[in-house]
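Hi everyone, thanks for coming along. Let me put the structure up on the screen, and then we can walk through it together.

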Amino acid sequence: MSFSRRRFLLGAGGLLAAPLFPELLRAAPAMPMADGRRMAPQLAEPNQPLVNPATLPRFVDTLPLPPVARPIGQREHPAHPGRRLPLYRMEMRAFQARLHRDLPPTTLWGYQGSSPGPTLEAKRGEPFLIEWANALPTHHLLPIDHGIHGAEKDRPDVRTVAHVHGARVGPNDDGWPEDAFAPGHSLLYHYPNAQDAATLWYHDHAMGITRLNIYAGLYGAYLLRDPEEQALALPDGEHELPLILCDRLIARDGQLYYPVSDDPAAPWVSEAYGNATLCNGKLYPFMEVEPRRYRLRLINAANARHYELSLSSRRPFVQIGSDQGLLPAPLERMRVELYPAERADVVVDFSGLDGQTVELRQPSEPLLQFRVRNRGDKNAVSVAMPTALRAVPRIDPASATRERILTVGEMDDANGNAMMMTLGGHHWSDPITEDPLQDSVEIWSLVNLTGDAHPIHLHLVRFQILERRPYDLFAWNERKELKYTGPGQPPPPHEAGWKDTVRADPDMVTRIIVRFEGEPGKYVWHCHLLEHEDNEMMRPFKLLPKG
Ligand code: C2O
Ligand code: CU
Ligand code: CU
């Protein structure tokens with residue numbers, strides 16, 4: 001039996017006869033069918049058995065901390081004539097690393113020989129330049145679907161372009177997906193760092209193969225700081241660390257396995273889930289900590305998995321920030337939920353736990369172990385937590401000059417057999433429809449027509465969530481009428497700060513309010529489920545210059 005990727009998505013076909021990797025099957029979400037039944041997607045069997053992570057000993061490797069990037073010199077940039085700016089170089093190349101002590105080395109792609117790549121440390125008001133250089137092999141590590149827009153056979157298999165997620169940069173420095181370049185080339189990008197402190201991250205954004213490039217390892221943290229945040233005296237230095245989570249499937253030979261459909265001509269799958277959770281690139285690592293507070297920058301870099309993290313100590317995380325920086329006040333949370341590309345800035349308190357261990361869990365599976373050890377360090381005393389962080393003034397909905405109704409959909413094409421992921425019912429290459437005016441305020445109402453949640457991300461801007469409001473899908477489908485069926489639900493406190501990625505829930509209209517600050521030009525907005533993003537769930541938008 002063979003299915004086009006479109007039919008495959010509709011789930012025409014049964015489960016694999018003998019599930020070689022039951023975790024994967026369980027993890028794969030059921031897809032809605034035309035008649036309302038739900039079936040699991042059809043996945044091809046890997047050509048060699050996969051590692052079952054549950055059989056590996058836990059907590060035998062230390063948690064890797066990515067190196068901090070250092071400038072290699074200074075350079076002038078057309079955007080700042082006469083001013084020399086620090087220059088970083090991030091070279092993408094293939095290398096080998098052990099994901100776990102007992103696994104053979106894995107070929108990964110990373111920046112400067114590291115995945116996650118080196119952490120970029122930025123300060124507000126201090127611009128710098130990064131030369132992103134592609135020194136990868138010309139053959140892709142993972143299976144390309146040449147039927148996907150932007151990944152046609154006549155393009156080089158290996159193409160990359162780096163994007164700093166959450167950064168307010170100019171249109172020529174943002175990682176426009178079609179600017180992806182082949183091995184042997186590089187691009188120089190300018191980062192103004194003219195925005196509030198936030199946990200940003202960088203990752204690949206090449207048209208049609210982003211899901212594969214990130215899965216191969218092309219991601220890293222980008223921490224932007226400012227004086228107001230520094231004045232809060234939050235844990236820093238070795239007591240502050242990025243913690244980047246993603247899931248992978250690993251073949252017995254140690255190599256990454258990316259799931260494919262059973263049609264070799266159309267291998268795309270609707271969501272890639274793994275059973276092995278990597279914490280900063282390691283499976284089940286441990287970290288020695290002192291009995292004090294630590295600041296963790298949690299980043300969900302997974303293709304499709306969402307996390308619901310908790311601590312075995314039954315102590316809460318104290319969440320101090322979300323995607324685009326600090327919350328108004330610290331929030332105690334027993335569980336931290338992160339959809340792909342979302343971040344949570346949290347403080348974890350290990351004081352009084354000397355000699356004990358604390359696990360980070362996804363819901364019940366331990367991912368990472370903290371070993372609390374008093375090393376007699378004088379700095380081990382915990383400073384008090386601030387009670388107020390940073391004001392987040394609400395954008396007044398009355399200031400919006402426009403509301404856009406934008407659907408989040410999975411749709412058939414004219415032949416009746418195409419399953420496409422679309423935004424606003426449009427394809428990537430359709431003419432631009434979202435064209436906000438610079439500095440204007442708009443409300444975007446994301447009407448989710450599908451049965452799944454989609455993390456929707458806008459480049460360039462930060463925004464606020466107004467509400468999620470139930471609506472009548474039938475009225476929409478029949479007459480394109482947006483009929484609300486209940487009151488709007490305001491965002492809970494942890495979602496009431498500045499965001500750049502929002503979970504658009506099924507059966508809901510998710511309404512966000514955005515002030516479109518930035519340099520005029522073309523940017524993108526998209527679903528951050530990487531399989532969706534690669535298959536049409538991405539659209540350009542154009543920021544028009546004001547009068
Ligand atoms: Cu995480 Cu288009 O970005
Ligand atoms: Cu982004
Ligand atoms: Cu999606």
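Before the details, some vocabulary: two strands pair if DSSP finds at least two bridges between them. Strands themselves (E, at least two residues) and helices (H or I, at least four) are DSSP runs, numbered from the N terminus. What you see is a predicted model, where local features need pLDDT of at least 70, side-chain atom pairs count only at pLDDT 80 or more, and totals for chains, interfaces and linings use all residues. Residues are numbered from 1 along each chain as its sequence is written, chains are lettered from A and ligands numbered from 1 in the order in which they are written, and side-chain values use heavy atoms, with hydrogens and water left out.

Let's start with strand 25. In this strand (residues 365–372), E288 has R371 opposite. E288 falls within strand 17 (residues 285–289), which pairs with strand 25 in the parallel sense over four bridges. Strand 24 (residues 357–362) runs antiparallel to strand 25, with six bridges joining them, and T357 has R371 as its bridge partner. A hairpin of two residues connects strand 24 to strand 25. So how enclosed is strand 25? Seven of its eight residues are buried, so the rest of the structure largely encloses it; buried here means under 20% relative accessible area, exposed over 50%, partly exposed in between, with a 1.4 Å probe and protein chains only.

Now the metals, my favourite part. Donors are N, O and S atoms within 2.8 Å of the metal (3.2 Å for Na, K and Ca), and as water is not among the atoms, sites may look incomplete. Which residues hold the copper ion (ligand 3)? They are H454 (ND1), C527 (SG), H532 (ND1) and M537 (SD), at 2.0 to 2.8 Å. The spacing along the chain is H-x72-C-x4-H-x4-M. H454 sits in strand 29 (residues 454–458) and M537 in the loop between helix 6 (530–534) and strand 34 (538–543), so this pair ties together parts 83 residues apart in sequence. Both H454 and M537 are buried.

The copper ion (ligand 2) is coordinated by H163 (NE2) and H457 (NE2), at 1.9 to 2.0 Å. That pair links strand 9 (residues 162–165), home of H163, with strand 29, home of H457, 294 residues apart. H163 counts as buried, at 0% relative accessibility, and H457 counts as buried at 0% as well.

Finally, strand 29 belongs to an open sheet of four strands, in the order 31-29-33-34, with antiparallel pairing. Thanks, and I'm happy to chat!
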